[in-house]
Amino acid sequence: AEAIRDDVVGLLRETAPDTPVSQLPDVPTLVYTAAKSLPRQLRDQPGLHAELLYTLGNVLRDMGDLPHSEALLKEAETITMNLPAESPVRVATEVGMTRTLVRRSDYDGAARRIAALLAIPARQLPEDDPRAELLKIGMVVADGRGQMDLAVSRGREMLDAYRADCAAGRRCDELSSATHDFASVLLDADRIAEAQTLADETLRLRLHGATPMNLANAYDLQSKIALYRGELGVADLDARKTATLVNSLGNGLKRKPLEPQIQRIEVLLAEERAGEGEASIAALLATQRARKASRCELAWTEMQQARDELLLERSQDAAATAATAVGDGNSCHRDIVRDVTVTLAELVRGRALAATGDIASAAAIHAAASKRSATVHADDPLSWPLYLVESMRLATALGRPGDAAGDARTLIAALDRAASPATHPWRIEAQLALAAASADPSARAAIGSPAFDASLAKIR
């Protein structure tokens with residue numbers, strides 16, 4: 001301990017008071033430098049050495065320095081590789097590395113490590129890394145790999161373990177994180193009703209005594225479910241609550257999450273409030289560019305912008321913006337993110353091209369995108385209804401009522417599973433598409449029925 005203290009003090013002394021601000025090291029650099037310059041005598045104590053390395057590696061991950069976090073944890077892995085698998089220092093090292101790999105979206109590397117950790121009998125695991133926590137990590141990894149049945153199975157086992165612990169008076173403060181994370185996975189697995197139940201439990205657990213950020217995450221989850229179900233007022237209100245809670249932290253967050261803004265834009269687009277959407281999208285893009293966001297991160301916002309431009313009847317602009325979104329989406333290194341983002345951006349681009357009169361190009365886009373429904377549903381069920389409505393709109397623009405009706409039936413079935421209300425705008429749009437494709441006069445007559453008109457009036 002004294003050697004470590006002296007080493008850190010020495011590093012701080014090297015940063016003299018008169019050092020120009022431009023030459024001051026940032027905190028992650030200082031932490032990594034400290035780790036790489038640990039006293040030589042410490043290297044004769046491999047257990048302590050590895051413990052320090054994985055601790056500093058975890059600190060760097062939390063600071064967002066993922067490359068250096070992984071480097072230190074790899075070094076700790078090398079030191080602990082000859083220790084028993086259930087050794088506390090080895091388990092902690094592997095857990096730290098798995099978390100860092102998840103943050104880097106390296107789900108294959110994370111899967112190999114979490115499988116080895118879950119193979120350790122629960123009674124042999126150290127108290128700091130219980131099986132419930134390993135199951136939670138395993139659930140996230142399976143979700144990231146698109147293995148939804150495995151993710152849900154691990155989630156159920158994980159939640160049972162947390163509930164048992166809390167019933168025994170242990171770790172009750174962690175139960176809301178378990179319900180929140182499992183609800184998010186259920187949402188990804190297109191199990192909306194179950195997700196809603198756990199999201200409600202999460203909010204009840206966090207309404208008293210939770211940190212603003214934890215409460216914000218609970219409202220963000222509620223907003224996503226409400227948006228999927230077409231409860232747009234609820235989705236908008238919960239997104240606003242999320243933003244208010246995040247903003248209440250002031251400068252306490254180095255980088256405030258942008259999800260509340262993205263969520264509100266989706267509500268504005270669903271309600272066809274194009275003017276407000278345009279302003280919100282411009283503000284979001286400005287923030288992302290100021291943060292030097294990756295092309296992949298920009299792609300979704302650009303796709304939103306193209307949809308908004310279509311609402312504003314600026315089809316040439318929409319075609320150009322959607323093309324940019326396609327190009328930026330193709331830069332995403334995760335297959336799931338790339339496939340979903342690019343497919344949606346292509347559909348929007350197809351609609352824009354059809355509006356400009358380039359029917360041939362729009363038809364080619366529709367032919368390619370129509371083969372990806374199953375892929376989008378498997379990769380991201382939460383985005384699947386958007387895929388269906390955009391595909392339906394493109395088919396309608398191309399004068400293909402049969403194709404539009406097929407998307408409409410699938411969309412209505414998805415909304416039914418989510419118990420979406422009759423006032424969902426996409427449900428009404430799908431009903432119109434079905435009526436347009438039907439040779440049955442009664443189907444068209446239903447469009448003017450009192451029930452239909454009442455639903456339409458609620459949307460207006």
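A residue counts as buried when its relative accessible area is under 20%, as exposed when that area is over 50%, and as partly exposed in between. Keep these cut-offs in mind during the tour, and remember that the model on your screen is predicted.

**The whole chain**

Begin with the entire chain in a cartoon view, where you should find 24 helices and 0 strands. Of its 460 residues, 46% count as buried. If you consider the contacts between residues at least 6 apart in sequence, 59% of them join residues at least 24 apart.

**Helix H3**

Select residues 46–62, which form helix H3. With 17 residues at 1.5 Å a residue, H3 should span 24 Å, and because its end C-alpha atoms are 24 Å apart, the model agrees with that expectation. Now colour the buried residues of this helix, which are His 49, Ala 50, Leu 52, Leu 53, Tyr 54, Leu 56, Gly 57, Asn 58, Leu 60 and Arg 61. Just after H3, move on to Gly 64, which takes a positive phi of about 90 degrees.

**Helices H5 and H7**

Two packed helices are described by the angle between their axes and the distance between the axes. Select helix H5, residues 88–103, together with H7, and you will see the two pack at an angle of about 25 degrees, with their axes 11 Å apart. Because angles under 35 degrees count as roughly parallel, H5 is roughly parallel to H7. H5 passes H7 in a left-handed crossing. To see where they touch, show the side chains of Val 95, Thr 98, Arg 99 and Val 102 in H5, which meet Glu 133, Leu 134, Ile 137, Val 140 and Val 141 in H7.

**The loops around H6**

Next select Ser 105, whose place is in the loop between H5 and H6. Is Ser 105 buried, partly exposed or exposed? Its relative accessibility is 23%, and therefore Ser 105 counts as partly exposed. Most residues other than glycine have a negative phi, yet the phi of Ser 105 is near 65 degrees, a positive value.

On the other side of helix H6 (107–118), the loop leading to helix H7 (131–144) holds Ala 122. Ala 122 is partly exposed, because its relative accessible area is 44%. Draw a distance from the C-alpha atom of Ala 122 to that of Glu 86, and you should read 9.7 Å, although these residues are 36 apart along the chain.

**Helices H11 and H13**

Select helix H11, residues 212–229, and helix H13, residues 259–270, which pack at an angle of about 20 degrees with their axes 11 Å apart. That angle makes H11 roughly parallel to H13, and H11 passes H13 in a left-handed crossing. Here Asp 220, Ser 223, Lys 224 and Leu 227 in H11 meet Glu 259, Gln 263, Glu 266 and Val 267 in H13.

**Two last loops**

Go to Glu 313, in the loop between helix H15 (295–311) and helix H16 (315–329). Glu 313 has a positive phi of about 60 degrees although it is not a glycine, and because its relative accessibility is 72%, Glu 313 counts as exposed.

Finish at His 424, which is found in the loop between helix H21 (401–417) and helix H22 (425–437). With a relative accessible area of 3%, His 424 is buried. Show its side chain, and you will find a polar atom there that lies 3.1 Å from the backbone nitrogen of Trp 426.

Conventions. Residues are numbered from 1 along each chain as its sequence is written. This is a predicted model: local features need pLDDT of at least 70, side-chain atom pairs count only at pLDDT 80 or more; totals for chains, interfaces and linings use all residues. Side-chain values use heavy atoms; hydrogens and water are left out. Helices (H or I, at least four residues) and strands (E, at least two) are DSSP runs, numbered from the N terminus. Buried means under 20% relative accessible area, exposed over 50%, partly exposed in between (1.4 Å probe, protein chains only). A polar contact is a pair of N or O atoms within 3.5 Å; within protein, one must be able to donate a hydrogen and the other to accept it, and residues adjacent in sequence count only if both atoms are side-chain atoms. The expected span of a helix is 1.5 Å times one less than its number of residues. Axes are lines fitted to C-alpha atoms, for helices over the stretch in contact, and angles run from 0 to 180 degrees between N-to-C directions. Angles under 35 degrees count as roughly parallel, over 145 as roughly antiparallel, 65 to 115 as roughly perpendicular and the rest as oblique. A crossing is left-handed if the near helix is turned anticlockwise from the far one by less than a right angle, and right-handed if clockwise. Contact means heavy atoms within 4.5 Å.
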